[in-house]
Amino acid sequence: QVQLVESGGGSVQAGGSLRLSCVISGYPYSSGSMGWFRQAPGKERGGVAIMADGATTYADSVRGRFTISQDNGKNTLYLQMNSLKPEDTAMYYCAADRRWTLSLRFGFQYWGQGTQVTVSS
């Protein structure tokens, strides 16, 4: 059974930083795509950053501030978030899929439960 467990969310003031982690277990594929998505209250879930075979893509709103990375030895996906803004406040989800994609609109197969990020002004 594939499980994705996020952690690292919390409350931070604008300009601060957080690093989200997503531990992936039971994932039967050696390649594919992984990413981070977020959903703010009253808004649709949207892609933040995607990684596939070392290639990455970012939403325009976070490019230059957020960095996605992966530690294969620990089966962990990270999202380093710097220069946080109040509009970054959302529930953040990690996702994985055996198919290769860099599309922020892709329908990933596996999802975590999310971790809340709140940025105050």
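In this predicted model, V5 forms part of strand β1, which spans residues 3-7. When residues up to four places away in sequence are set aside, V5 touches S21, C22 and V23. These three contacts of V5 include a cysteine, C22, which itself belongs to strand β3 (residues 18-25). The C-alpha atom of V5 is separated by 15 Å from that of R38, a residue 33 positions away along the chain.

The cysteine touched by V5 leads to the disulfide of the model. A search of the whole structure returns 1 disulfide, and this bond joins C22 to C94 with an S to S distance of 1.9 Å. The two cysteines tie together distant parts of the chain, since C22 lies in strand β3 and C94 in strand β9 (residues 90-97), with their positions 72 residues apart in sequence. The torsion about the S-S bond of C22 and C94 is about 45 degrees, and the disulfide is therefore right-handed. Both partners, C22 and C94, are buried, a term that here denotes a relative accessible area under 20%.

With regard to the overall architecture, the chain contains 11 strands and 0 helices, and the order of elements along the sequence is accordingly β-β-β-β-β-β-β-β-β-β-β. The radius of gyration of the chain is 13 Å, which is close to the 14 Å that the globule rule gives for 121 residues, so the chain is as compact as a globular protein of that length. Taken along the principal axes, the box filled by the C-alpha atoms of the chain has dimensions of roughly 40 × 25 × 25 Å. Of the 121 residues in the chain, 44% are buried. Among the contacts in the chain with a separation of 6 or more, 59% are accounted for by residues 24 or more positions apart. The chain exposes about 6,400 Å², of which carbon and sulfur atoms supply 44%. The chain carries 11 positive and 8 negative charges, and the mean positions of the two sets are 1 Å apart.

Towards the C-terminal end of the sequence, two positions were examined individually. G114 is located in the loop that connects β10 (110-111) to β11 (115-120). With a relative accessible area of 22%, G114 is partly exposed, a class that lies between the limits of 20% and 50%. Apart from its neighbours within four places in sequence, G114 is in contact with E6, M91, Y92 and Y93. The C-alpha atoms of G114 and R38 are separated by 8.5 Å, although these residues are 76 positions apart along the chain. In strand β11, which follows this loop, V119 is found; V119 is buried, with a relative accessible area of 6%. The contacts of V119, again leaving aside neighbours within four places in sequence, are V12, Q13, A14, L84, K85, P86, D88 and T89. The C-alpha atom of V119 is separated by 8.4 Å from that of G10, from which V119 is 109 residues apart along the chain.

A further glycine, G46, lies in strand β5, an element that covers residues 46-52. G46 is partly exposed, with a relative accessible area of 25%, and touches F37 and R38 when residues up to four places away in sequence are not counted. The C-alpha atoms of G46 and S11, which are 35 residues apart along the chain, are separated by 21 Å.

Two residues other than glycine were noted for their backbone torsions. D53, for which phi is near 50 degrees and thus carries a positive sign, is found in the loop between β5 (46-52) and β6 (55-58). This aspartate, D53, is exposed, with a relative accessible area of 59%, the limit for that class being over 50%. S83 likewise has a positive phi, of about 50 degrees, although S83 is not a glycine. S83 is found in the loop between β8 (76-81) and β9, and, with a relative accessible area of 42%, S83 is partly exposed.

Key:
Residues numbered from 1 in each chain as written. Predicted model: local features only at pLDDT ≥ 70, side-chain atom pairs only at ≥ 80, totals over all residues. Heavy atoms only, no water. Disulfide = S-S within 2.5 Å. Helix = DSSP H or I, 4+ residues; strand = E, 2+ residues; numbered from the N terminus. Buried < 20%, exposed > 50% of the residue type's maximum accessible area, 1.4 Å probe, protein only. Rg over C-alpha atoms; globule rule 2.2 N^0.38 Å. Contact = heavy atoms within 4.5 Å. Areas by Shrake-Rupley, 256 points an atom, 1.4 Å probe, with all protein chains shown as cover. Lys, Arg positive; Asp, Glu negative; His and termini not counted. Charge placed at Lys NZ, Arg CZ, Asp CG, Glu CD.
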